[in-house]
Structures are given as structure tokens and as C-alpha cells.
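Q: Hi, could you walk me through this one? I'd like to poke at a few spots and hear what you see.

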Amino acid sequence: MGEASPLLLAMLGTGFTFLATAAGAAMVFFFRRKEADPHLQRIFLGFAAGVMIAASVWSLLIPSIEEAEAQGMAGWLPAAIGFTAGGLFLLLLDRLLPHLHPGASEAEGLPSSLHRTTMLVLAVTLHNIPEGMAVGLAFASASPETGGGTIAGALALAIGMALQNFPEGMAVSLPLKKEGCSNLRAFLYGSLSGIVEPIAGLIGVLLAVSVAGIMPWILAFAAGAMIYVVVEELIPEAHLGEHSHSGTLGVMAGFLVMMVLDVALG
């Protein structure tokens, strides 16, 4: 498998995480309630935040520094610049793309006449852009054509992302059901929120194979974008309500799981 092309490896990895999102969205067929339990929602959001923080460090920033040093650069330089660029990119998308977070009364982004259900899907789509890029790059770097990564490390990242994508898919489909969508439509829209992961992953890989020496920069770019999502949205939403213990423990659990996966398998 290590001799497969970077694009094929990226498609396999991001396809797996996309299927996890679709599986989570399918829970709409089994839930009679039209929204997830708030307590569980905080745990899931915290878990996703923890996974993304750990993945940003072990799967993206550290490999970025190592790749840069292998190219003869100061390791911190592409890590710092790429990280900043990724955060600014997500900030720009956050300001421009009309989207509505579950439970929110007002949409963010530019004024739009889009339907509420569409903007709910777009809110989660923002999260999935850096996730897809991270998984795609991890699998691509396992190819001899692009870098010194390993299949085991890429699998660790994909498993961690899939674990948090499952509740994320459910967190999309159930609010859509609450907005009046049928079970089938809620499932389809919830699944489509994850389709951006393979797209973002393939774009990242195409950059990696087309521009020599860019891998350290785009690894850090994905890390910055993910940390932006964590700090801007996931952690604040995980602490909704009077008590924040469940969200905090969710963050710690997600961080622990991703760290163990990456260190043990990577």
C-alpha cells in the first residue's frame, strides 16, 4: 500500500472519514427525538475538540517541523507561517460563508437568502475542510513520492477523525430533522456535510505533489485551520449550560485517544 499513489491513498483515507460522517447522520433513522441530548452533545463536541487539538500537534505540526528540517530549513518557520495562514483562511471563510450553527438564532457570514437547513449544513462543512486536508496529507505523505510519513500514522489520524465525525454527522442530521426535514433528507444533507473532506484532502495532495517543498507549509496550514475551529466554535459550544465538566472531560478524552493513537500507531 505504501507504493500506491498519493491521490489514491488520500481518497481512501478521506473516504473512510466521510463514511463515518454518513454513519453518524444515519442515526436520524433510529432517534425519535429531534435533537441530541444536550449533555451528550457537550461531550461529543468536547471529544471532537480534543481529537483536533492532539491531531494538530502530533499529526501536523511536528511532521511539518521535521519535514522542514529535512529540507534544510528552520523547522519553526513553515510551521509558524503555515499555522497562521490556516487560521486566517478559516477566519475569512467564517466571515464570508453564510452559515448557521445548531441552536443559534442568527446566521453568521455575509447576508444571504439561503434556507436555514442549507446554512446548518454549511456550518459543519467549515469544520470538515481542515479535517479533510489533514487526513489527505497524512495519507499522501505515506507515499514515497511526497514525504516520510507512515501508513500507520495516517491510519491513526483517520481513526481519530472518524471517531469524532460519527457524532458530528448525528449533530447535523438531528437539527435538520427538527427544522422539518424528513429522515431521508436529514440523512442526505448530514452526509453531504462531510463530502468536503475528500475534496479538501485531494486539493491538499495536488498541491503537495505539484509544488516542491510545500508539504511542511500545508501541514501547518491544516493545523492552524483546525485550531481555529476548535477555539472559535467547538470549545465554546461544548461548554453551553451552567456546568462545563462534561465538555471539559470530553476534550481531555478526545485528546488522550488521539495522542495514544498517534504515538502508538505512528
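Q: Which residues does Pro63 touch, not counting those up to four places away in sequence?
A: Happy to help! This is a predicted model, and in it Pro63 touches Val57, Trp58 and Leu219.

Q: Where is Pro63 found?
A: Pro63 is in helix H2, which covers residues 38–70.

Q: And how far apart are Pro63 and His39 in space?
A: They are 35 Å apart, C-alpha to C-alpha, with their positions 24 residues apart in sequence.

Q: What about Ser64, is it buried or exposed?
A: Ser64 is buried, because its relative accessible area is 0%, under the 20% cut-off. Ser64 also belongs to helix H2.

Q: Which residues is Ser64 in contact with, leaving aside its neighbours within four places?
A: Pro78, Ala79, Pro216, Leu219 and Ala220. Leu219 is on the list for Pro63 too.

Q: Changing topic: where does H5 bend?
A: Helix H5 bends at Asn165, by about 25 degrees, and Pro167 follows within four residues.

Q: How far does H5 reach from its first C-alpha to its last?
A: H5 (residues 151–178) reaches 40 Å over 28 residues, close to the 40 Å expected.

Q: How many of its residues are buried?
A: In H5, 21 of 28 are buried, so the helix is mostly covered.

Q: What follows H5?
A: Gly180 does, and its phi is positive, near 110 degrees.

Q: Last one: where is confidence lowest and where is it highest?
A: Helix H4 (residues 116–140) is lowest, with a mean pLDDT of 85, and helix H3 (residues 76–96) is highest, at 94. For the chain, the mean is 85, and 91% of residues reach 70 or more.

Terms used
Residues numbered from 1 in each chain as written. Predicted model: local features only at pLDDT ≥ 70, side-chain atom pairs only at ≥ 80, totals over all residues. Heavy atoms only, no water. pLDDT = per-residue confidence, 0-100. Helix = DSSP H or I, 4+ residues; strand = E, 2+ residues; numbered from the N terminus. Contact = heavy atoms within 4.5 Å. Expected span 1.5 Å × (residues − 1). Bend = angle between axes of the 7 residues up to and from the residue. Buried < 20%, exposed > 50% of the residue type's maximum accessible area, 1.4 Å probe, protein only.
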